[in-house]
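Biologist: Please take a close look at the pockets of this model and the packing around them. I would like one connected account.

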Amino acid sequence: MTIDKGVLQGQGMTSLRTRQRLIERLTEKGIADVRILEAMRDSPRHLFLDEALSTRAYEELALPIGYQQTISQPYIVARMTECLISDERLSDKPLNNTLEIGTGCGYQTYLLSLFSKKVTTIERIEPLQEKAKKTLKGLKVNNVNFKVDDGNNLDQKKYDAILSAAAPLQIPQNLKERLNIGGKLILPVGDSRQQILTLVKRVSKDKYIEEKLEEVLFVPLLKGVVS
Ligand code: SAH
């Protein structure tokens, strides 16, 4: 009998036990929202990575995705998503319109698509977004609008939730202004030495509440587009 190594490897990577272990680790680190834990248990993170790295997909690690960028650590993806959906507990799609800056490999985009009616995701490195688009199409995701652009250049549209996966030195005023009242922005803020994951809530036309959550390390928010 010949054993198809690919199949075995695939089973190993996607086995419920491996994913369950990741969920246990996320719970230990403080992720409590069952909707997030279930979504992460059921999301095929290995499909967003190159084959050589896919055996490590369910470890608590940030991993390279090419073009000097990284897929965020599962805990950070869970934490950021949890913050965005925490106000709305009843609906299965807690967010209407969500904006993501920094598509990367599309894993965070996938999570956001599960909890949002519509996601717009912006990436400055075109080939990275092309790959993410293919992966998400393969997963039958049809509520994501992809844009190759510099996330510093936004139009006037407003969102319930905004997530930036790249760190500006300070919170950009134009990002805050893209929030609907009641909307939330989550992003790392700082330079390569120190960044703080920050949550901003727009409580009225002119009032925002900022909360500093924890120290993190993301790639910087850069300018311009790479094709
Ligand atoms: N959540 C992604 C993280 C990717 S890393 C993932 O899990 O794969 C952050 C991404 O932000 C990188 O792909 C980088 O190219 C992108 N980025 C950096 N500056 C940007 C900008 N100004 N506009 C859009 N994307 C940007």
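Modeller: What follows goes through the pockets and then the nonpolar packing. The model is a predicted one.

The largest pocket has a volume of about 540 Å³. Its lining is made up of 36 residues, and Q69, T70, A165, A166 and V219 are the closest to the pocket centre. Two or more lining residues come from each of strand 2 (69-71), helix 4 (74-85), strand 3 (95-101), helix 5 (107-115), strand 4 (116-123) and strand 11 (219-220). Of these, strand 2 gives the most, with three residues. By residue type, the lining of the largest pocket holds 21 nonpolar, ten polar and five charged residues.

The second largest pocket has a volume of about 210 Å³. It has 16 lining residues, with E88, P94, L95, D160 and G182 nearest its centre. Helix 4 and strand 3 appear again here, each supplying at least two lining residues, as do strand 6 (159-164) and strand 8 (179-190). Strand 8 has the largest share of this lining, at five residues. The lining of the second largest pocket divides into six nonpolar, four polar and six charged residues.

Next comes the nonpolar packing. The largest nonpolar core contains 46 residues, and L26, M40, I71, Y107, L111 and I186 have the most contacts inside it. Helix 4, which also lines both pockets, gives the most to this core, with eight residues. L111 can serve as an example: beyond its neighbours within four places in sequence, L111 is in contact with A39, M40, S43, V77 and T81. Another core lies apart from the largest one; it has 14 residues, including I101, I122, L185 and Y208.

One residue of strand 6 can be followed in more detail, namely I162. I162 counts as buried because its relative accessibility is 0%, and the cut-off for buried is under 20%. Leaving out residues up to four places away in sequence, I162 touches L84, L99, L175, R178, L179, K184, L185 and I186. Among these partners, I186 is one of the residues with the most contacts inside the largest core, whereas L185 belongs to the other core. The C-alpha atom of I162 is separated by 14 Å from that of L221, which is 59 residues away along the chain.

Terms used: Residues numbered from 1 in each chain as written. Predicted model: local features only at pLDDT ≥ 70, side-chain atom pairs only at ≥ 80, totals over all residues. Heavy atoms only, no water. 1 Å grid on protein atoms, 1.4 Å probe; cavity = no way out; pocket = protein on both sides within 12 Å on 5 of 7 lines; lining within 4 Å. Points joined across faces, edges and corners; volume = space filled by probe spheres on them. Helix = DSSP H or I, 4+ residues; strand = E, 2+ residues; numbered from the N terminus. Nonpolar A, V, L, I, M, F, W, Y, C, P; charged D, E, K, R; others polar. Core = buried A, V, L, I, M, F, W, Y, C linked by side-chain atoms within 4.5 Å. Buried < 20%, exposed > 50% of the residue type's maximum accessible area, 1.4 Å probe, protein only. Contact = heavy atoms within 4.5 Å.
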